[in-house]
Amino acid sequence: MGRTKIVAGNWKMHGSLNQNQALLEVVVSETRSMQNASCVVCVPYPYIPQAKSLLQDSHVAWGAQNISQHHQGAYTGEVSAEMLAEFGCQYAIVGHSERRLLFGEGNKVVAEKFKAAQQCSIIPILCLGETLEQRESDEAEQVIARQLDAVIDLLGVEALERSVIAYEPVWAIGTGKTATPQQAQDVHKFIRNRIAMQNERVADDIRILYGGSVKASNAVELIAMPDIDGGLIGGASLVAAEFISICMATQN
């Protein structure tokens, strides 16, 4: 398949001006040889201007970790897609499990955020995933289907053409646990098959990333699976050597 691999770093609520510059300069330098793969960093809002300044003439793209479903108005603390677009953001994460669990974002809100991003030509990285309780109750596929269907029901399956999906088992985020490559592949295949029920071309073309304690030590084996097109990387994206190794795993 000809899908371009992607490795996206999610810095979460980490960073400082000095640390960011040192990290990004190394990442740009050491991933310059990547071919047929994209490298993205999703940084906290205050650091988006810095990311633009450091990355705008490089092969590394930048984005946000969240986005408002609203375009403007009395929404204190929110940041709109229009604002992000002014700083050249190419990507925005929507529906990350921490947003769903800690901030109560439901499937409808996530779908609206997906829509807002696309309306400003920002590529949404749509996160899907189940908790440990849902997996142990054999509900993982139903949960993921509802999360995916909320976007399809609102915008149509063709909207997925201008997006990236990230499967992130909630039980493997920040816990040190990782789905086995086969467990991850099984869910990625389920997602792709569900999309194919409505449009096979969209299903074949969409990139589905794995996110859940991806490290340099397991990246090659995960990304080698046929339906895993890269990774959404949390803690390891803050460590230059780890993130670079994961990026370069797309070249094997």
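Tyr 210 touches a long list of residues beyond its sequence neighbours: Tyr 167, Pro 169, Ala 172, Thr 178, Ala 179, Ala 184, His 188, Leu 222, Ile 228, Gly 230, Gly 231 and Leu 232. Residues up to four places away in sequence are not counted here. The model is a predicted one.

Tyr 210 belongs to the largest nonpolar core, which holds 70 residues. Which members touch the most others? They are Val 41, Leu 148, Leu 160, Ile 191, Ile 195 and Tyr 210. Helix H7, residues 140-155, gives the most to this core, with 6 residues. Another core lies apart from it. That one has 13 residues, including Ala 61, Ile 125, Cys 127 and Val 164. In soluble globular proteins, nonpolar side chains tend to be buried together.

Ile 195 leads on to Ala 203, since the two are in contact. Ala 203 sits in helix H9, residues 200-205. Is Ala 203 buried or exposed? Its relative accessible area is 1%. Buried means under 20%, so Ala 203 is buried. Besides Ile 195, Ala 203 contacts Arg 192 and Ala 196, with neighbours within four places in sequence left aside. Lys 189 is 14 residues from Ala 203 along the chain. Their C-alpha atoms are separated by 9.8 Å.

Now turn to a pair of helices. Two packed helices are described by the angle between their axes and the distance between the axes. For helix H1 (residues 17-30) and helix H2 (residues 48-55), the axes come within 11 Å and cross at roughly 30°. The crossing is right-handed. From H1, the residues at the contact are Leu 17, Asn 20, Gln 21, Leu 24 and Val 28. They meet Gln 50, Ala 51, Leu 54 and Leu 55 of H2. By class, this contact has 6 nonpolar residues, 3 polar ones and no charged ones.

H2 also has a buried side. Ile 48, Gln 50, Ala 51 and Leu 55 are its buried residues. Why do they line one face of the helix? Seen down the axis of H2, they fall within an arc of 155°, so they share that face. An α-helix has 3.6 residues a turn, so residues three or four places apart point the same way. What covers the buried residues of H2? The cover includes H1, strand E2 (37-43), strand E3 (60-64) and helix H3 (81-86).

Strand E2 contains Ser 38. Ser 38 has 22% relative accessibility, so it counts as partly exposed. Outside the residues up to four places away in sequence, Ser 38 touches Thr 4, Lys 5, Ile 6 and Val 7. Leu 17 is 21 residues from Ser 38 along the chain, and their C-alpha atoms are separated by 24 Å.

Two loop residues call for a look at the backbone. Most residues other than glycine have a negative phi. Asn 36 has a positive phi, near 55°. Asn 36 lies in the loop between H1 and E2. Its relative accessibility is 67%, so Asn 36 counts as exposed. Asp 138 also has a positive phi, near 60°. Where is Asp 138? It lies in the loop between helix H6 (132-136) and H7. At 62% relative accessibility, Asp 138 counts as exposed.

Note on methods. Residues numbered from 1 in each chain as written. Predicted model: local features only at pLDDT ≥ 70, side-chain atom pairs only at ≥ 80, totals over all residues. Heavy atoms only, no water. Axes fitted to C-alpha atoms, helices over the stretch in contact; angles between N-to-C directions. Helix = DSSP H or I, 4+ residues; strand = E, 2+ residues; numbered from the N terminus. Left-handed = near helix turned anticlockwise from the far one by under 90°. Contact = heavy atoms within 4.5 Å. Nonpolar A, V, L, I, M, F, W, Y, C, P; charged D, E, K, R; others polar. Core = buried A, V, L, I, M, F, W, Y, C linked by side-chain atoms within 4.5 Å. Buried < 20%, exposed > 50% of the residue type's maximum accessible area, 1.4 Å probe, protein only. Arc of directions from axis to C-beta.
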